[in-house]
2 protein chains.
Amino acid sequence: MELVKMSNGVEWALHSCVTLSQSQEPVPAARLAELHGTPPAYTAKHLQALSRAGIVRSTAGQVGGYTLTRPAAAISVLDVVQAIDGGEPAYRCAEIRQRGPLGIPPEQCVRQCAIARTMAAAQQAWSHALAGVTVADLAEGIDEDSGGTAMADVRGWLLKTRG
Amino acid sequence: MELVKMSNGVEWALHSCVTLSQSQEPVPAARLAELHGTPPAYTAKHLQALSRAGIVRSTAGQVGGYTLTRPAAAISVLDVVQAIDGGEPAYRCAEIRQRGPLGIPPEQCVRQCAIARTMAAAQQAWSHALAGVTVADLAEGIDEDSGGTAMADVRGWLLKTRG
DNA sequence: GTCAAAGTACTCGGATAGCTCGTGTCCGAGTTGACGAGG
DNA sequence: CCTCGTCAACTCGGACACGAGCTATCCGAGTACTTTGAC
């Protein structure tokens with residue numbers, strides 16, 4: 001893969017975070033799924049992952065739902081991606097250099113091999129790019145693309161459907 | 001996932017390219033698999049992918065095998081990764097903004113959404129990092145890690161097992 | 001009118017099937033080099 | 001001795017099972033509001 005395909009739920013989770021950043025009150029998973037046109041149960045599953053990662057907080061009961069635990073400007077895209085797809089790096093070195101007739105004994109492998117170093121550097125560049133963008137940035141970008149109406153529409157829809 | 005896990009065959013393909021860069025004569029897939037301690041048939045499958053991408057050339061017959069089509073310094077790690085895992089980007093936008101009660105009509109979506117832009121930028125940073133490293137660089141790095149004996153050992157093993 | 005308690009409706013959370021894609025393997029088509037017979 | 005044809009061995013290439021992980025779903029546990037009855 002490129003980086004291999006990225007889990008599709010990442011997109012839903014990011015949209016959910018952007019939507020949650022527009023509401024001070026809890027929003028149920030079913031409401032988010034309806035707004036985004038995604039499967040309700042599956043959307044809920046990803047929100048659970050965000051909850052485990054400490055990005056959102058869940059509230060039970062009749063007026064329950066999900067809320068962000070911290071300001072949208074303090075939540076990076078990398079945080080969300082790692083919450084959904086796991087924090088382990090995409091490339092894992094199989095230590096080929098230790099195998100085969102020319103295998104190197106493990107005690108000589110104090111440093112990871114050149115291939116793993118290259119992959120790690122690339123992943124670091126990728127992570128750095130994602131860590132530099134916050135959910136607040138995404139909301140602002142989406143709003144500007146729509147001419148400044150998208151976020152207001154979301155807030156209005158959340159209020160309208162809350163009753 | 002991070003970027004989700006990367007295909008395991010990428011590592012084998014990179015090692016194979018490094019090994020091929022040390023031989024002017026064709027090296028069969030079975031020989032590469034033996035040197036790397038990897039499954040022969042599966043290794044061959046990835047070499048076929050490299051062949052389709054034009055990175056290696058296959059030669060049939062008794063003294064056949066695989067050879068690099070161009071100097072190792074002209075083959076980037078990105079080339080190999082794309083050959084194995086496909087050139088399509090890891091993140092594909094599902095166009096959530098067009099769905100749901102607040103869906104935006106497609107004719108207004110001339111530009112990809114902010115989330116897709118962020119992901120594309122991150123992927124570009126990743127690709128750039130991988131494009132800046134060549135197979136020749138990997139060979140040099142591996143050689144230095146071993147104290148300057150690894151590549152010579154590989155050349156010696158290839159000559160020894162050729163007969 | 002106030003309080004308390006039971007009931008109800010709504011929420012999340014984890015456990016459960018289906019399916020695509022990566023992993024691993026096999027056998028057939030094609031080609032090259034070697035060998036032997038003939039000139 | 002040289003040439004040509006046949007043979008055999010070795011190579012790649014694509015087609016075929018297996019398994020893990022993502023996709024999608026459901027139902028149970030828990031909580032807050034509501035309602036109802038008693039004081």
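The following exercises, with worked solutions, treat the relation of the chains, the DNA surfaces, the salt bridges and one helix.

The model is predicted: local features need pLDDT of at least 70, side-chain atom pairs count only at pLDDT 80 or more, and totals for chains, interfaces and linings use all residues. Residues are numbered from 1 along each chain as its sequence is written, chains are lettered from A and ligands numbered from 1 in the order in which they are written, and side-chain values use heavy atoms, with hydrogens and water left out.

**Exercise 1. Relation of the chains**

Determine which rotation and shift superpose chain A on chain B.

*Solution.*

Step 1. In general, a rotation about an axis and a shift along it relate two copies of a chain.

Step 2. Here the rotation is 180° and the shift along the axis is 0.0 Å, with an RMSD of 0.1 Å. The superposition is by least squares on the C-alpha atoms of residues with pLDDT of at least 70 in both copies.

Step 3. The two copies are therefore related as by a two-fold rotation axis.

Step 4. Both copies use the same surface, since 100% of the contact residues of chain A recur in chain B (contact means heavy atoms within 4.5 Å).

**Exercise 2. The surface near DNA strand D**

Describe the residues around DNA strand D and their polar contacts.

*Solution.*

Step 1. There are 22 residues around DNA strand D, and A:Pro39, A:Tyr42, B:Ser58, B:Gly61 and B:Tyr66 come nearest. A residue is near a strand if one of its heavy atoms lies within 4 Å of it.

Step 2. By class, eight of the residues are nonpolar, 11 polar and three charged. Ala, Val, Leu, Ile, Met, Phe, Trp, Tyr, Cys and Pro count as nonpolar, Asp, Glu, Lys and Arg as charged, and the others, Gly among them, as polar.

Step 3. On the DNA side, 70% of the atoms of strand D within 4 Å of the protein belong to sugar or phosphate, and the rest to bases.

Step 4. Polar contacts (pairs of N or O atoms within 3.5 Å) include one of 3.0 Å between the side chain of A:Ser7 and a phosphate oxygen of DNA strand D. A backbone N or O atom of B:Ala29 lies 3.2 Å from a phosphate oxygen of this strand.

Step 5. Two or more residues come from each of helix 3 (40–52) of chain A and helix 3 (40–52), strand 1 (56–59) and strand 2 (65–68) of chain B. Helices (H or I, at least four residues) and strands (E, at least two) are DSSP runs, numbered from the N terminus.

**Exercise 3. The surface near DNA strand C**

Identify the element that gives the most to the surface near DNA strand C, and find a contact that involves a base nitrogen.

*Solution.*

Step 1. Around DNA strand C there are 22 residues, the closest being A:Ser58, A:Gly61, A:Tyr66, B:Ser7 and B:Pro39. Of the atoms of this strand within 4 Å of the protein, sugar and phosphate account for 72%.

Step 2. Helix 3 of chain A gives the most, with four residues.

Step 3. The base contact involves A:Gln48, whose side chain has an N or O atom 3.1 Å from a base nitrogen of DNA strand C. A phosphate oxygen of the strand is 3.0 Å from an N or O atom in the side chain of B:Tyr42.

**Exercise 4. Salt bridges**

Locate a salt bridge that crosses between chains, and state the exposure of its partners.

*Solution.*

Step 1. Over all chains, the structure holds eight salt bridges (a side-chain nitrogen of Lys or Arg within 4 Å of a carboxyl oxygen of Asp or Glu).

Step 2. A:Arg117 and B:Asp145 form one of them, at 2.9 Å from N to O. The pair runs from helix 5 (residues 114–131) of chain A to helix 6 (residues 135–145) of chain B.

Step 3. Buried means under 20% relative accessible area, exposed over 50%, and partly exposed in between (1.4 Å probe, protein chains only). A:Arg117, at 22%, is therefore partly exposed, and so is B:Asp145, at 34%.

Step 4. A network of salt bridges links A:Arg111, A:Arg117 and B:Asp145.

Step 5. Within chain B, B:Glu95 and B:Arg97 form a salt bridge with their closest N and O atoms 2.8 Å apart. B:Glu95 is partly exposed at 23%, whereas B:Arg97 is buried at 16%.

**Exercise 5. Helix 4 of chain B**

Establish how many residues of helix 4 of chain B are buried and what covers them.

*Solution.*

Step 1. Helix 4 (residues 77–85) has seven of its nine residues buried, among them B:Val77, B:Leu78 and B:Ile84.

Step 2. The cover includes helix 5 of chain A, together with helix 1 (9–20), helix 3, helix 5 (114–131) and helix 6 of chain B.

Step 3. B:Gly86 follows the helix and has a positive phi, near 90°.

Technical notes. A polar contact is a pair of N or O atoms within 3.5 Å; within protein, one must be able to donate a hydrogen and the other to accept it, and residues adjacent in sequence count only if both atoms are side-chain atoms.
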